[in-house]
Amino acid sequence: MDSAPTLPDAVPVLIAGGGPVGLTLAALLARHGIASLVVEADAGYCSGSRAICISRRSQEILWTAGAGPALAEKALPWTGGRSYWRNREVLHFEMPSEPTQRFAPMANIQQYHVEAFVHQALQQVPQLVQVAWSARVVDLQASGEGVTVEVETAEGRRQVRADYAVACDGGRSTVRERLGLQLEGTQYEGRYVIVDIVQETKRPVERLAWFDPPSNPGSTLLMHRQPDSVWRIDYQLRDDEDGQEALKPENILPRVQSHLAMIGEAAPWQLQWASMYNAKCLTLPSYRAGRVLFAGDAAHLVPIFGVRGLNSGLDDAANLAWKLALVLEGAAPDGLLDTYSTERVHATRENIAYGAKSTEFMAPPDFAFRLMREAALRLAVDEPAVRSLINPRQSAPVAYAGSALNGPQSGEWTSDLAVPGQPAPEALLRGAQGEFHLTQCFGTEFTCLVFGDGPLPHALADLAAQGVAVLDIASQADALGQARLRYGLPGGQGVGALVLVRPDGYVMGRWRGLDAQAVRACLQEKGIQP
């Protein structure tokens, strides 16, 4: 990695921060042909596992970014988990999944692997992306015409002119600080030590949680298997414990060993990395400040419980990339970027609402919450109806209900899964190339799904020349009937239907009938010329 990069004088997009969100944004912009400069203060990838659970939606995004094959080979997929109160199982949950899905609901992998895989994909397009390691943004000045960014490198300070700057520089964002912006919300007092250890195990890959385990009385403890024989272990500290002392190996080793012995993991092990965490529910009120945009932890901090942190940041990147590309290409007005902020702030507030509930259960903030949790866990031993109260509510895509980008819905439909603003449902299809998943067709273009049984009308075929990909889902292609069922079409032949899907895989509009003009009118109304 180049520690003394030669920076360009100007670039369409400057991305502050080369973590997984910043690198993914650069990769997605490159898919649209937009050049970017990524400025990262560290000399390389992060240390320690950090964000470890990659949702199904995030796996789709990382495939679009070019990191999919490496991710699939390395990550450990999982579908469920178990929770214990003391030494008794009180919950066994399974997330919705079926064999025809493209990805598992979750996959475990250390953050440094994600960063490496996306960076390797970026190296395939050096003409579009430069990553400046050991360089950091120290100041910036924005105007209506662009952003002048001051970057500090080993060779001194340089100014880079960008049409837009995107802050992906983490929870202590320099960009946010220089613009005088502050996160708003709640920070919880409960602290967790997070530890990576290397140990061989034959346990299945699932999310494991213990409340008040005999190995660590009064604590809450989580375990996730990671690639390379790594266990990720998170355990809660007591209020009276000193944080610096808790991170010393002589205090970590006995607590980890006690728990491994309790669950029968007797193989030799070694400590690899340790850090500390406390839950935060914080967000900027807007993710846009003129020509500066915010994504990932620079925009919001959400609790790890429910794994909404990195996953929400990757969704930020997917939402922003296509909008920024259209604006830079002159194919959409600058106001399109306002929808990035409104949609993703809405998503963050929903993630925070779920994350706060999970945090208050995993790390009760006061005696009343501790008392309620204790009651729920005691009841869950013998009362299955109570067990849903301790379900960890894993990350799921957020619908953009009420978004200004949502188009019309006309005609009768039998499912609400694909109303405008919803993530487009998955379906396994069959074509000349064999079986494929519908989400493989999303990522860079607007896509018009055509549900019909006859020849494709010329007007629909002509949409492709206007920048809209057309996918004809005839009955034979939808042999399992998944697409028609999930998109709300009755079985058998009928009047046909069109569904317009955004580049980030969200439904924009749907119409009964095969009138291509309805699709054109929807895009024109939003000022978009793909």
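This passage describes a mixed sheet, a pocket with a buried acidic residue beside it, and a cavity in a predicted model.

In the predicted model, 5 strands are arranged as an open sheet whose order is E20-E26-E25-E23-E24, and the pairing within this sheet is mixed. Its edges are formed by strand E20, which spans 409–410, and by strand E24, which spans 468–472, each of these pairing on one side only. Strand E20 runs parallel to strand E26 (residues 507–512), the two being joined over 2 bridges, and within this pairing Ser410 stands opposite Trp511 of E26. In general, the strands of a sheet pair through backbone hydrogen bonds, in either a parallel or an antiparallel sense.

Within the same sheet order, strand E23 is placed between E25 and E24, and Thr447 belongs to this strand, which comprises residues 446–451. Thr447 is classed as buried because its relative accessible area is 2%, under the 20% cut-off. When neighbours within four places in sequence are left aside, the contacts of Thr447 are Cys441, Phe442, Val468, Ala469, Leu471, Val499, Leu500 and Val501. Of these contacts, Val468, Ala469 and Leu471 fall in the range of the edge strand E24 (468–472).

The second largest pocket encloses about 890 Å³ of space. It is lined by 35 residues, of which Arg56, Arg57, Glu60, Pro397 and Pro423 are the closest to its centre. Helix H2 and helix H8 (309–328) are the elements that give two or more residues to this lining, and the largest share, 5 residues, is contributed by H2.

Glu60, one of the residues closest to the centre of this pocket, is located in helix H2, which covers residues 56–64. Glu60 is buried but takes part in no salt bridge, the nearest side chain of opposite charge being that of Arg57, at 4.0 Å. Arg57 is likewise listed among the residues closest to the pocket centre. Beyond residues up to four places away in sequence, Glu60 touches Arg102, Phe103 and Thr439.

A search of the whole structure also identifies 2 cavities of 30 Å³ or more, and the second largest cavity has a volume of about 40 Å³. The lining of the second largest cavity consists of Tyr188, Gly190, Tyr192, Tyr277, Asn278, Ala279, Phe305, Thr359 and Ala363. Two or more residues of this lining are given by each of strand E12 (184–199) and strand E16 (269–283).

Technical notes
Residues are numbered from 1 along each chain as its sequence is written. This is a predicted model: local features need pLDDT of at least 70, side-chain atom pairs count only at pLDDT 80 or more; totals for chains, interfaces and linings use all residues. Side-chain values use heavy atoms; hydrogens and water are left out. Two strands pair if DSSP finds at least two bridges between them. Helices (H or I, at least four residues) and strands (E, at least two) are DSSP runs, numbered from the N terminus. Buried means under 20% relative accessible area, exposed over 50%, partly exposed in between (1.4 Å probe, protein chains only). Lys and Arg count as positive and Asp and Glu as negative; His and the chain ends are not counted. Contact means heavy atoms within 4.5 Å. On a 1 Å grid over the protein atoms alone, a cavity is a set of points where a 1.4 Å probe fits but cannot get out, and a pocket is an open set with protein on both sides within 12 Å along at least five of seven lines; lining residues have an atom within 4 Å of a point. Grid points are joined across faces, edges and corners, and a volume is the space filled by probe spheres set on the points.
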